[in-house]
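Hi,

Here is the structure I promised to send you. Have a look at it first, and then read my notes below.

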Amino acid sequence: MHGEEFRMTSSVETTLRGPEAYSLSRRVIDEMEAAGVWPTPLNFELWLHYLGDPDGALGREIQRILAAEEPFTEATADMLAAEYLPRGRLTEEIRDAGRVLDRELSSVADAISRAHRSQAAYGQTLDKAASSIDAAGDGETLKTIVGGLSTATRRVQRENETLEKKLDASTKEVARLREHLEQVRRDAMTDALTNLANRKAFDEHLAAACQQVEADGEPMVLAVLDVDHFKRFNDTWGHQTGDQVLRYVASVIGRYGQLPRIAARYGGEEFAIIFPRESSRQVEVALEAIRKEIASRSLRRRSTNDELGAVTISAGFAVRRPGETGSTLLERADAALYASKRTGRNRVTSAESLDIAA
């Protein structure tokens, strides 16, 4: 995902700095108007990337939304931006944190500089005092020298106390910045609608998990889940109710997808769970539990209390083979999911069972 996202961003940025920029921008407006999409700044940015690189991840997702005739709402734009354009927001947050950090470091540097000057002056005072004591001939002179040393010592103590307080405050500010940036990173990796990991986070976790289990020689299973007949549901009840259903499904998946498992919203109504170090049997049990729990409840429309009926999901999973990449593993899990769809939905299919059948 990183490489694909970088190529998309790089390609569009290059286009926007060349003679094709104006024609692309006019085309964006025309296409947005034809699709009934308001030309808000965020929508315009999304469609720039879509039309600038229609074969990229964002382009494919917008094409899917248009083909499904789903409305391009603000919630849709926010979700797409969170999944495919997180870098701009994260970069701005990093810039802000950098400015605060620069200010703190500059302040600490000034405090340290003052402390150094104070220490140097104190050293000079001690040197002078030592010479004066050698030359002193009476008690009054010694009293004056000691008084001066006492004053200089208190001044150095005050400078050290100021520096200590400043260092303590800066340490706390840097810790706050670190926590803030970590929260920003988590937000950039979280799906806004379901609070599960988003597609970007899923891609990163899948690649990392494959590398880890390959190194350890441990098993790993990837599952893909999809809400059955979701488009029909949306067309009947509306997209807000559809979002309500997605949140419900995600809440169930999230409970079964807690660490060390990773649960993510992979696409519109599609979810994925990474099962590191678990057997095929353990995964099948978990997926069946998810499927049964989701299907066991009769949902109601929140705004009108209309009965929506039961929602079902189909699932497919694949056990990772030695040396297998995340993308190949995902393809096999997808094939198992589509087998569940073809054979009646509301069921779980393993890629291994398809291999045996073949």
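What follows is a walk through what turned up, from the whole chain down to single residues.

One thing to keep in mind from the start: this is a predicted model.

**The chain as a whole**

The chain has 358 residues, and 41% of them are buried. Its secondary structure comes to 13 helices and seven strands. If you take contacts between residues at least 6 apart in sequence, 65% of those contacts join residues at least 24 apart. As for the outside, the chain exposes about 19600 Å², with carbon and sulfur atoms supplying 52% of that area.

**The cores**

A bit of background helps here: in soluble globular proteins, nonpolar side chains tend to be buried together.

In this model, the largest nonpolar core holds 31 residues, and the ones touching the most other members are Leu225, Val249, Phe271, Leu287 and Ile290. Six elements each give at least two residues to this core: strands E1, E3 (270-276) and E6 (313-319), along with helices H9 (230-237), H10 (239-256) and H11 (280-295). The biggest contributor is H10, with seven residues.

Try clicking on Leu287. Which residues does Leu287 contact, once you leave aside its neighbours within four places in sequence? You should find Ala223, Leu225, Phe275, Phe317 and Val348. Apart from this core there is another one, made of 23 residues, including Leu206, Cys210, Val213 and Leu330.

**The largest pocket**

Next, the largest pocket, which has about 460 Å³ of space. Its lining is made of 20 residues, and those nearest the centre are Arg64, Tyr266, Gly267, Glu270 and Tyr338. Three elements each supply at least two lining residues: helix H4 (57-67), strand E1 (220-227) and helix H12 (326-342). What kinds of residues make up the lining? There are ten charged, seven nonpolar and three polar residues.

**Some backbone oddities**

Another bit of background: most residues other than glycine have a negative phi, and most peptide bonds are trans. Here are some spots that go the other way.

- The peptide bond from Leu259 to Pro260 is cis, with omega near 5°. You can find Pro260 in the loop between H10 and strand E2 (262-265).
- His229 is not a glycine, yet it has a positive phi of about 55°. His229 sits in the loop between E1 and H9, and it counts as partly exposed because its relative accessible area is 36%, between the cut-offs of 20% and 50%.
- Arg345 is not a glycine either, and its phi is positive too, at about 65°. Look for Arg345 in the loop between H12 and E7; with a relative accessible area of 29%, Arg345 is partly exposed.

**A few residues to click on**

Start with Val28, in helix H2 (residues 21-35). Is Val28 buried or exposed? Its relative accessibility is 0%, so Val28 counts as buried. Not counting neighbours within four places in sequence, Val28 is in contact with Phe44, Trp47, Leu48 and Leu51. The C-alpha atoms of Val28 and His49 are 9.6 Å from each other, with their positions 21 residues apart along the chain.

Then go to Ser350, which is found in strand E7 (residues 348-350). Ser350 counts as buried because its relative accessibility is 14%, and the cut-off for buried is under 20%. Leaving out residues up to four places away in sequence, Ser350 touches Phe317 and Ala336. You have already met Phe317 as a contact of Leu287.

Asp203 is in helix H8 (residues 199-216). Asp203 has a relative accessible area of 16%, so it is buried. Asp203 and Ser327 are 124 residues apart along the chain, while their C-alpha atoms are separated by 9.0 Å.

Last one: Leu167 lies in helix H7 (residues 139-188). Leu167 counts as partly exposed, at 35% relative accessibility. The C-alpha atoms of Leu167 and Ser107 are separated by 9.3 Å, and the two residues are 60 apart along the chain.

That's my tour. Write back if you get stuck finding any of these.

Cheers

Notes
Residues numbered from 1 in each chain as written. Predicted model: local features only at pLDDT ≥ 70, side-chain atom pairs only at ≥ 80, totals over all residues. Heavy atoms only, no water. 1 Å grid on protein atoms, 1.4 Å probe; cavity = no way out; pocket = protein on both sides within 12 Å on 5 of 7 lines; lining within 4 Å. Points joined across faces, edges and corners; volume = space filled by probe spheres on them. Helix = DSSP H or I, 4+ residues; strand = E, 2+ residues; numbered from the N terminus. Nonpolar A, V, L, I, M, F, W, Y, C, P; charged D, E, K, R; others polar. Core = buried A, V, L, I, M, F, W, Y, C linked by side-chain atoms within 4.5 Å. Buried < 20%, exposed > 50% of the residue type's maximum accessible area, 1.4 Å probe, protein only. Contact = heavy atoms within 4.5 Å. Areas by Shrake-Rupley, 256 points an atom, 1.4 Å probe, with all protein chains shown as cover.
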